[in-house]
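Here's a quick walk through some side-chain details worth a look before you set anything up. Have the sequence and the coordinates open as you read.

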Amino acid sequence: MRLKAMAKINLGLDVLGKREDGYHEVRMIMQTICMYDILDIRKTRRPGIVLTTNLPFIPTDQRNLVYKAAQMLMEEFDVEEGLSIKLRKFIPVAAGMAGGSSDAAAAFVGVNRMFHLGLTEEQLMERAVKVGADVPYCIMRGTALAEGIGEKLTRLPEVPKCYVLIGKPGINVSTKTAYENLNLEGIGKHPDIDGLIGAIRNNDLYAMASRMENVFEPGIIRQYPVIGNIKNLMEEKGALKAVMSGSGPTVFGIFDNRDKMAAAARSLRKSGLAKTVFATDIYNRDGGVTNDK
């Protein structure tokens, strides 16, 4: 069985406060894009899970969310057979694009289907939050408002047709560090998440782009000015808006024209500012089924 684990960007990201349990209360607009890792899964007679990856620095034991997700379902349903999982990573690691969470989501869907466990999407999502706050969304996919710690999800209408340019500099930003360095009292202006939702509902690409914002961006750009340089280059080359995704360091630019995006991608590659440059589309999920993974 071959599954696609798709990346996400945050069209809007706001942090409302810190909870007593140490987690942060967030409001985010999540959007799937057509960039993905690939999981090849097959049954084995020998019990247990054997996970391999194409990147030597990625763990292949319980520290990996794919392993954790598969193990959780197999233990709960007393699956006696084993699994061989080959994970091929294309989504940049530690990039604010939910690569690890999406891989785990694909593992949940794959194990459910391979062993005919009969869990609904909702039942998978209930289990997925135990592995990571973004994993339920990565099972759902498409356009969604995420609240709470990211696990309270409300599906939104599809975003207007547009094109997405991804640029990730050769640095990694830990989500934990980003939250620790966020001064909640010092936030002068919060992203207009409600306005962003309204623009999506009205199918107004230009209003949507103008309201895209990430509360982490100013602090992270102060630490890593290259992120700001990538944003500026994308906007100079025709992006309606360029914004950092998640806790960074990846920047995405939204374009209303594919040729304009392709030209911006060439300029970004030439500039040397980004280690990863990827031109793609928004993924709009239709039909509301999970079997398209």
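What follows covers one helix, the cysteines, an asparagine in a loop and an aromatic pair. Keep in mind that this is a predicted model.

Let's start with helix H3, which spans residues 121-128. Its buried residues are Leu124, Met125, Arg127 and Ala128. Look down the axis of H3 and those buried residues fall within an arc of 160°, so they line one face of the helix. And what sits over them? The cover includes three helices, H1 (65-76), H2 (99-114) and H4 (135-140), along with strand E6 (152-155).

Now the cysteines. How many disulfides does the model have? The count comes to zero. In general, a disulfide is a covalent bond between the sulfur atoms of two cysteines. Here the cut-off does the work: a pair of sulfurs has to lie within 2.5 Å to count. For Cys34, the closest cysteine sulfur belongs to Cys162 and is 11 Å away, which is too far for a bond. Coming from the other side, Cys162 has its closest cysteine sulfur in Cys34, again at 11 Å and too far for a bond. Their surroundings are worth listing too:

| Cysteine | Relative accessible area | Status |
|---|---|---|
| Cys34 | 26% | partly exposed |
| Cys162 | 2% | buried |

Next up is Asn64, which you'll find in the loop between strand E3 (48-53) and H1. Is Asn64 buried or exposed? With a relative accessibility of 8%, Asn64 counts as buried, since the limit for that label is under 20%. What does its side chain reach? The partner is the backbone oxygen of Pro59, at 2.9 Å. Setting aside neighbours within four places in sequence, Asn64 touches Leu51, Ile58, Pro59 and Leu87.

Last, the aromatics. The count here is one aromatic pair. Tyr179 and Phe216 have ring centres 4.9 Å apart and planes at 90°, so the pair is edge-to-face. This pair ties together distant parts of the chain, as the two residues are 37 residues apart. Tyr179 belongs to helix H5 (residues 175-180), while Phe216 lies in the loop between strand E8 (213-214) and helix H8 (217-223). Are these two residues buried or exposed? Both Tyr179 and Phe216 are buried.

How values were computed
Residues are numbered from 1 along each chain as its sequence is written. This is a predicted model: local features need pLDDT of at least 70, side-chain atom pairs count only at pLDDT 80 or more; totals for chains, interfaces and linings use all residues. Side-chain values use heavy atoms; hydrogens and water are left out. Buried means under 20% relative accessible area, exposed over 50%, partly exposed in between (1.4 Å probe, protein chains only). Helices (H or I, at least four residues) and strands (E, at least two) are DSSP runs, numbered from the N terminus. The arc is that of the directions from the helix axis to the C-beta atoms. Contact means heavy atoms within 4.5 Å. A polar contact is a pair of N or O atoms within 3.5 Å; within protein, one must be able to donate a hydrogen and the other to accept it, and residues adjacent in sequence count only if both atoms are side-chain atoms. Rings of Phe, Tyr and Trp (its six-membered ring) pair if their centres lie within 6.5 Å; planes under 30 degrees apart count as stacked, over 60 as edge-to-face and the rest as tilted.
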